Amino acid sequence: QHAGMAAVDADSASEGAAHGEITPLAPLDSVLVAELDAEHDACASALERLAEERSAAALGAVIAAYQTHFAHEEALLDEHVFHHAASSEAGGFSASAGARTSHWADHARLLRDLEAEAARSKSCPAEFIDKTLRDFERHASQYDGSYAVPLSTALAAKKD
């Protein structure tokens, strides 16, 4: 179901998009938490619909999928992985707080880009859609992959 993340050559992907072609979304690695894997699949399905339809409605579906997923992911991570970084007691340097801040900032950037495009046009250009797919792949690889083991371990310990 979740194959290894395929590396995408950004130059060839953007070159194809400039000619109206959109490189398909690469398979995503599992984050070892079934409900988050399912949400990633829902985001991927919405993105695939956007690539096919290039419509405002499909873009709205991506925004909705992202909003739902990001809120749930952030809540789980704050509770089980970043609980010290999320608390007001955290002071001084914290790698965990830095990881949390940059992850949440990337969520905000992804949503901001989508919302700006939604406000701009009724149909989405191929270049925008291709960039959106590459951004989702990059986010999943750089950010979501880093929490897979700590979150799944914390959730498993909670069940015991």
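This report on a predicted model covers one helix pair, a buried histidine and the salt bridges.

## Packing of helix 3 and helix 6

The axes of helix 3 (residues 56–80) and helix 6 (residues 126–159) come within 10 Å and cross at roughly 30 degrees. Because angles under 35 degrees count as roughly parallel, helix 3 is roughly parallel to helix 6. The crossing of these two helices is left-handed.

On the side of helix 3, the contact is made by L59, Y66, H69, E73, L76, L77, E79 and H80. Helix 6 contributes F128, T132, F136, H139, D144, Y147, L151, A154, L155 and K158. By residue class, the contact of helix 3 with helix 6 divides into 10 nonpolar, four polar and four charged residues.

## H107 in helix 5

H107 lies in helix 5 (residues 95–120). With a relative accessible area of 1%, H107 is buried, because the cut-off for buried is under 20%.

Leaving aside residues up to four places away in sequence, H107 touches F70, E73, E74 and H139. Two of these names recur in the helix pair described above: E73 is among the helix 3 residues of that contact, and H139 is among those of helix 6.

## Salt bridges within helices

The structure holds 12 salt bridges. One of them joins the side chains of R49 and E53, with an N to O distance of 3.1 Å. R49 and E53 are four residues apart in helix 2 (residues 34–53), so about one helical turn separates them. R49 is partly exposed at 33% relative accessibility, and E53 is partly exposed at 42%.

In helix 5, E117 forms a salt bridge with R120, and their closest N and O atoms are 2.9 Å apart. E117 and R120 are three residues apart, about one turn of the helix. E117 is buried at 5% relative accessibility, whereas R120 is exposed at 58%.

In helix 6, the side chains of R134 and E137 meet in a salt bridge at 2.9 Å, N to O. R134 and E137 are three residues apart, so they are separated by about one helical turn. R134 is buried at 7% relative accessibility, and E137 is buried with a relative accessible area of 5%.

## A salt-bridge network

Salt bridges also link D106, R109, D113, K131, D135 and R138 in a network.

Terms used. Residues numbered from 1 in each chain as written. Predicted model: local features only at pLDDT ≥ 70, side-chain atom pairs only at ≥ 80, totals over all residues. Heavy atoms only, no water. Axes fitted to C-alpha atoms, helices over the stretch in contact; angles between N-to-C directions. Parallel < 35°, antiparallel > 145°, perpendicular 65-115°, else oblique. Left-handed = near helix turned anticlockwise from the far one by under 90°. Contact = heavy atoms within 4.5 Å. Nonpolar A, V, L, I, M, F, W, Y, C, P; charged D, E, K, R; others polar. Buried < 20%, exposed > 50% of the residue type's maximum accessible area, 1.4 Å probe, protein only. Salt bridge = Lys/Arg side-chain N within 4 Å of Asp/Glu carboxyl O.
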